[in-house]
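Dear colleague,

I am passing on the structure below for you to look over, and my notes on what was found in it follow directly after.

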Amino acid sequence: MSTSSASLSAIRRKIEGRERISPADALLLWREAPDEEMRSLASLARARFHAPNACTYLLMRIINTTNVCVAQCDYCAFYTLPGQAGGYVLSQEQVFAKIDELLTLGGDLVGFNGGFNPQLSLDYYCDLVRAIRARYGDRIELYAFTIAEFLYLADHASLPYAATAERLKQAGVRWITGGGSEILTEDFRRRHSKFKYTVAQFFAAQAAIVAAGLRTTATMVIGFDETIEERIEHLDRTRRFQDETGAESFLCWNFKPYSTPLGDKLGNIEITPAEYLRHLALSRIYLDNIPRIRTSVLTQNERALEGLLYGADDFDLPIEDEVTQKAGATINLNFDKILNVARSLGFEPTYRHVALDRSAKAI
Ligand code: SF4
């Protein structure tokens, strides 16, 4: 037996014994384990939390409240600088129309995601959430907003994170998701997104959000120019945060490079579905403290459903996300066709009503 196969056997024994794997183990898995082995190990880890053929899904839309942004991330095709042509801010009526359409299609989750717009105060966001709660009550749930936006709002309002979280909570916010995290290493932030936040700020804000009694999620985006070591660092920081506080799910999607400065520089190449699935498997194995691992229909289309074989147990059926659509993502509103792909792979998808889930946060 070669040294690496002996090491892979040792890692398999750890996973079978529900023992945590190390960053070095993760690196070895990535470099040495065949795809079949990754899939098998991820299924073992998945089985700790879910029946083999069970999976859940959401029908949701992301509403992009404004495309005006000062952060200037080089992987973004969405933003317009203040004063440039094409900038917009949605009115409450425009937001309502988008929510009405979602309800008509049977969805009940709205994710908000927008630029860092210096013209919009914390009051704009609080008023928007209050108006939505007044109009729709508990018929929908809101992922409002992402931690990236939260950091900007706190900074813009010169408020501590705790006070910002409290203001949003009083307005009716229940979830602030881990959106906008891409790759959580300080070097990645400096390379591509130096005006957005530091990793230290990101986790300090997320801890304050949880301490305020709000719920949160973890996310990740791969396929920029990050190294495998950076991907593992992101997973490790996520796992450590989860040990201390609590995110309720982990969603990974892949970078859509089209019409972005970084994509132009790197030749507009996307990672393959096989690489995405392999990373999903690694995430399931590494994040042994997050029960819900989500696969991205938005960026992988029907291939995302294969993620259920690589450790995922949940997925979105999105009807809109301008940020990723502008960079090349495509949306398919034929939900039955997508669900049938899951069924053809041996899974029985069940609708997950976020709007009905009022349980206390799972820490
Ligand atoms: S990714 Fe978000 S924060 Fe970065 S430039 Fe685009 S809209 Fe702004």
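Around the ligand, with a heavy atom within 4 Å of it, stand C69, A71, Q72, C73, Y75, C76, F78, Y79, G115, F116 and K196. By class this shell has eight nonpolar residues, two polar and one charged, where Ala, Val, Leu, Ile, Met, Phe, Trp, Tyr, Cys and Pro count as nonpolar, Asp, Glu, Lys and Arg as charged, and the others, Gly among them, as polar.

Please note that the model is predicted, that local features need pLDDT of at least 70 and side-chain atom pairs pLDDT 80 or more, while totals for chains, interfaces and linings use all residues. Numbering runs from 1 along each chain as its sequence is written, and side-chain values use heavy atoms, with hydrogens and water left out.

As for strand 3 (residues 141-146; strands are DSSP E runs of at least two residues, helices H or I runs of at least four, both numbered from the N terminus), six of its six residues are buried, that is, under 20% relative accessible area with a 1.4 Å probe, protein chains only. Strand 3 pairs in the parallel sense with strand 2 (residues 109-112) over three bridges, pairing being called when DSSP finds at least two, and V110 stands opposite L142 there. From strand 2 the chain passes through helix 5 (residues 122-136) to strand 3 in a right-handed β-α-β crossover, meaning that the path runs clockwise from the first strand over the helix to the second when the strands point away from the viewer. Strand 3 is also joined by two bridges to strand 4 (residues 175-177), in parallel, with Y143 opposite W175.

Best regards

Technical notes:
Buried < 20%, exposed > 50% of the residue type's maximum accessible area, 1.4 Å probe, protein only.
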